[in-house]
Amino acid sequence: WSMICVYMAYLTHGMQALIFSQNQVNFATKWGFDMTDPSSAAYAAGVAAVSTAIAWTGFGKFISVWIGGEISDRVGRKKLMIGGAILYIICFATMFVTNNATVAAIMGLLGGIATSGFWDASGYPAVQEAYPAAPGSALIMIKFFVALSSIFYPLICVQTAAAGNWKINIVIPLVLSCVVLVFACIARFVYDDEKAANAGSGSDKRADQAEIDAAKARQLVAPGKFTAFLTYFYAFLVMAVMYGAQQYTKAFGLSVCGLSEMQAAGMTSIYTIGSICAVIFWAFMMAKLKWSPLKVVLIDSICTAVALAGVLFIHQVAIIYIAIAMLGFFAAGGALQTGLAVVQLFNPGPNGGIYYTFMGAASYLIPVVAAQLTKASGEANAVYSLMIMLLVFAILAILSSLYLVAQHKKIFGKSAL
């Protein structure tokens, strides 16, 4: 039951992550903006308001991601899964009724907190604890369920909007949140059941410290501060590219490439399909062929830059779809998780909180920049400028990866490639 609960939660999260961007015009209209003329200042203001709501979702993740794990370990998985479901219900129910952009943005904030502070902190460890025989596979299934809703939700949004029933796009994740709440209330979580029995035991902490000491012992010299910083900064760069592509590919397709609503929504779906394929592919390459995570990070960074260049400079539908699939494969298909492995390689210890904070900062910054650009120059110029910025970030990720490859030889005495 606990695994079903978590997977249902992430099926819902896949919709929550896209709800503002995929229903952009309808939300802006609901909030009182005149969205009839895409070239008008009122339209740009409406688009900026939606980007602001997306930014507040990222800010919610940013402020909650670093403390959620600690709370989860203290109070247990069940309470946080329940709490996240309740926040999601409040979030979607308020989105359904409010006509105020500020209130909707606050609901975005709640959604971000519910995702990172509650569900990520409890759901990820819960599935690993429920399926100890293959915890990696349990985690990959989370990615699968997020991707599943991210593939179909954009297409559903287009169909319901065309039929004049776009609010169904809010009702679906609202109903799913209620289902998650029911499952969270009735499910038993392994960690919670074992917590009392293991209270006061320090064996896990001693084992963790032994692993950290062994990892540090494999280093010939300690990494410098700049090297450590780059391992964390990579999280910002990749999250910026991933989040920007996830939220703004549809807008880019509509306003820059001249695609239809369905073609543009299909860009988001294809991006997600690419990410699913990548999760399976890289899991095989790293497990069977023993590829270094740093090698994977470098390949991901190079191919992400190539894909972004294709999206930016070749405005043919077939090429755009291929480039978007590549972008999903190399930017969203486990690059962040692989980057965390690089952090642990260079900086053994409990550093996940710092890494996730850099991720949270990117998920807040990108929509803020998009909102300001839209106000200043209109949607088409804004999303094009944003994509150029993502390309710059991808190039910085390449340079950072190359530097870390050079440092790997110095620190471990062998090449990462």
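Leu176 lies in helix α8, and that is a good place to begin a tour of this predicted model. With a relative accessible area of 15%, Leu176 counts as buried because the cut-off for that word is under 20%. From there we can visit the nonpolar cores, several helices, a salt bridge and a surface patch.

**Helix α8 and Leu176**

- Helix α8 covers residues 168-186, and its 15% accessible residue Leu176 has company: the buried residues of α8 are Asn169, Ile170, Pro173, Leu174, Leu176, Ser177, Val180, Phe183 and Ala184.
- An α-helix has 3.6 residues a turn, so residues three or four places apart point the same way. You can look for that spacing among the buried residues of α8, which include Ile170, Pro173, Leu174 and Ser177.
- What does Leu176 touch, leaving aside neighbours within four places in sequence? Its contacts are Met8, Leu11, Thr12 and Met15.
- Ala341 makes a useful landmark: it is 165 residues from Leu176 in sequence, and their C-alpha atoms are 33 Å apart in space.
- The 19 residues of α8 should span 27 Å at 1.5 Å a residue, and the end C-alpha atoms are indeed 27 Å apart, which agrees.

**The nonpolar cores**

- In soluble globular proteins, nonpolar side chains tend to be buried together.
- How many residues are in the largest nonpolar core here? It has 113, and those with the most contacts inside it are Phe20, Met95, Leu327 and Tyr355.
- Helix α11, residues 225-255, gives the most to this core, contributing 16 residues.
- There is also a second, separate core of seven residues, and its members include Ala278, Met285, Cys303 and Phe329.
- Met95 is in contact with Ile19, Phe20, Phe27, Lys30, Met107 and Ile170, once neighbours within four places in sequence are set aside.

**Phe27 and Val127, two buried residues**

- Phe27 has its place in helix α3, residues 24-30.
- Is Phe27 buried or exposed? Phe27 is buried, since its relative accessible area is 0%.
- Not counting residues up to four places away in sequence, Phe27 touches Ile19, Phe20, Met95, Trp166 and Ile170.
- Gly46 is 19 residues from Phe27 along the chain, and their C-alpha atoms are separated by 8.5 Å.
- Val127 is found in helix α6, residues 101-130, and Val127 is buried with a relative accessible area of 0%.
- The residues that Val127 touches, beyond those up to four places away, are Met3, Val6, Tyr7, Ala138, Leu139 and Ile142.
- Between the C-alpha atoms of Val127 and Tyr153, which are 26 residues apart along the chain, there are 24 Å.

**Helix α14**

- Helix α14 runs over residues 317-331; its 15 residues should span 21 Å, and its end C-alpha atoms are 20 Å apart, which agrees.
- Among the buried residues of α14 are Ile320, Ala323, Ile324, Leu327 and Phe330.

**The salt bridge**

- How many salt bridges does a search of the whole structure find? The search finds one.
- The partners are the side chains of Lys250 and Glu261, with 3.3 Å from N to O.
- This pair links distant parts of the chain, with Lys250 in helix α11 and Glu261 in helix α12 (residues 261-288), eleven residues apart.
- Lys250 counts as buried at 7% relative accessibility, whereas Glu261 counts as partly exposed at 40%.

**Helix α17 and the surface**

- Helix α17 has 34 residues that should span 50 Å at 1.5 Å a residue, and its end C-alpha atoms are 48 Å apart, which agrees.
- Val392 is found in this helix, residues 379-412, and Val392 is partly exposed with a relative accessible area of 43%.
- Which residues make the nonpolar surface patch of about 490 Å²? Val392 makes it together with Ile388, Ile395, Leu396, Leu399 and Leu402.
- Lys410 also has its place in α17, and Lys410 is exposed, with a relative accessible area of 55%.
- Leaving out residues up to four places away in sequence, Lys410 touches Leu220 and Val221.
- Lys410 and Pro223 are 187 residues apart in sequence, yet 9.1 Å apart in space, C-alpha to C-alpha.
- After α17 comes Gly413, whose phi is positive, near 75 degrees.

Notes. Residues are numbered from 1 along each chain as its sequence is written. This is a predicted model: local features need pLDDT of at least 70, side-chain atom pairs count only at pLDDT 80 or more; totals for chains, interfaces and linings use all residues. Side-chain values use heavy atoms; hydrogens and water are left out. A nonpolar core is a set of buried Ala, Val, Leu, Ile, Met, Phe, Trp, Tyr and Cys residues joined through side-chain atoms within 4.5 Å. Buried means under 20% relative accessible area, exposed over 50%, partly exposed in between (1.4 Å probe, protein chains only). Helices (H or I, at least four residues) and strands (E, at least two) are DSSP runs, numbered from the N terminus. Contact means heavy atoms within 4.5 Å. Patches are made of residues with over 30% relative accessible area and no salt bridge: like charges are joined within 9 Å, nonpolar side chains (Val, Leu, Ile, Met, Phe, Trp, Tyr) within 5 Å. Accessible areas come from the Shrake-Rupley method with a 1.4 Å probe; for residues, only the protein chains shown count as cover. A salt bridge is a side-chain nitrogen of Lys or Arg within 4 Å of a carboxyl oxygen of Asp or Glu. The expected span of a helix is 1.5 Å times one less than its number of residues.
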